[in-house]
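Please open the model in your viewer and keep the sequence panel beside it. The tour below proposes one selection after another and says what is found at each stop.

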Amino acid sequence: DQSRSWMNGPGIADAIVEAIRGIVEKLKLREIVAIGNSMGGTAALILASLMKVDRVVALVPQFSVHPEVVPGEWRWTHFRDKIAQWRFRESPDLRETGTSVTILHGGSKDELMHAERFPKDAGYRHFIFPHEGHNLARSLHDRGLLSPIVTLSMLGRFPRARRAIRAAGGVSRHRFDQTPIRTL
């Protein structure tokens with residue numbers, strides 16, 4: 001989404017779905033895994049609402065950048081203000097899709113305003129890294145931890161992915177929500 005519209009640009013979502021379906025058909029692929037960071041993480045979640053996606057790995061996705069849905073979000077107003085029509089005001093609820101969802105968020109205030117809006121009971125594997133912010137992927141990469149987490153999640157090896165996430169400092173959102181003191 002080069003227009004930086006969180007899949008709201010005219011025809012973008014449909015063009016992406018059509019392109020992926022063409023590749024899947026041509027290569028006779030059996031599984032689709034969508035992965036993305038930040039706006040790309042949101043796009044991966046949206047994609048799973050538009051077509052069959054087996055697994056999603058979303059790193060620091062925005063729940064929404066619509067000013068009425070997340071009024072405190074100011075970081076991307078210069079992109080958001082250019083969105084003329086909102087096909088996707090917020091991240092979709094993927095409970096009924098059969099998609100396995102792994103979401104990783106930083107624990108900063110700016111990240112938590114999004115993390116806390118994702119449904120708690122959706123069955124997502126949702127983790128918070130309390131000492132990280134929006135640059136979570138870069139931080140994990142610099143420590144040599146991003147590749148194993150992403151690879152294990154993409155392959156559906158969730159117990160091993162969970163152990164890798166915990167070893168890297170991530171805690172389940174459920175456990176994080178029960179923590180009385182937050183660090184960032």
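Two strands are said to pair if DSSP finds at least two bridges between them, and the strands themselves (E, at least two residues), like the helices (H or I, at least four residues), are DSSP runs numbered from the N terminus. What you have open is a predicted model, in which local features need pLDDT of at least 70 and side-chain atom pairs count only at pLDDT 80 or more, while totals for chains, interfaces and linings use all residues. Residues are numbered from 1 along each chain as its sequence is written, and side-chain values use heavy atoms, with hydrogens and water left out.

**Stop one: strand E4 and its partners**

Select strand E3, residues 100–106, together with E4, and you will find the two paired in the parallel sense over five bridges. Within this pairing, Thr102 stands opposite Arg125 of E4. Now add strand E5, residues 171–172, which pairs with E4 in the antiparallel sense over two bridges, and where Ser172 is the residue opposite Phe127. E4 is mostly covered, since four of its five residues are buried, a word that here stands for under 20% relative accessible area, whereas exposed stands for over 50% and partly exposed for what lies in between (1.4 Å probe, protein chains only).

**Stop two: from Arg125 to helix H7**

Keep Arg125 selected and add Phe158: the arginine lies over the face of this ring, at 3.4 Å from the ring centre. A charge counts as sitting over a ring if NZ of Lys or CZ of Arg is within 6 Å of the ring centre and within 35 degrees of the ring normal.

Phe158 belongs to helix H7, residues 158–167, where Phe158, Ala161 and Ile165 are buried. Seen down the axis of H7, the buried residues fall within an arc of 55°, so they line one face of the helix; the arc is that of the directions from the helix axis to the C-beta atoms. These buried residues pack against E2, E3, E4 and helix H6 (146–155), contact meaning heavy atoms within 4.5 Å. On the face of H7 turned away from the buried side, look for the exposed residues Arg163 and Ala167. After H7 comes Gly169, whose phi is positive, near 110°.

**Stop three: an aromatic pair**

How many aromatic pairs does a search of the whole structure find? The search finds two, where rings of Phe, Tyr and Trp (its six-membered ring) pair if their centres lie within 6.5 Å, with planes under 30 degrees apart counted as stacked, over 60 as edge-to-face and the rest as tilted. Select Phe63 and Phe118, whose ring centres are 5.2 Å apart and whose planes stand at 85°, so the pair is edge-to-face. Both Phe63 and Phe118 are buried.

**Stop four: salt bridges**

A search of the whole structure finds nine salt bridges, each being a side-chain nitrogen of Lys or Arg within 4 Å of a carboxyl oxygen of Asp or Glu. One of them joins the side chains of Arg55 and Glu31 (3.0 Å, N to O). Arg55 lies in strand E2 and Glu31 in the loop between helix H1 (12–27) and strand E1 (33–37), so the pair ties together parts that are 24 residues apart in sequence. Arg55 counts as buried at 10% relative accessibility, whereas Glu31, at 47%, counts as partly exposed.

Finally, select Glu73 and Arg75, which form a salt bridge with their closest N and O atoms 2.8 Å apart. Adding Glu111 completes the selection, as Glu73, Arg75 and Glu111 are linked in a network of salt bridges.
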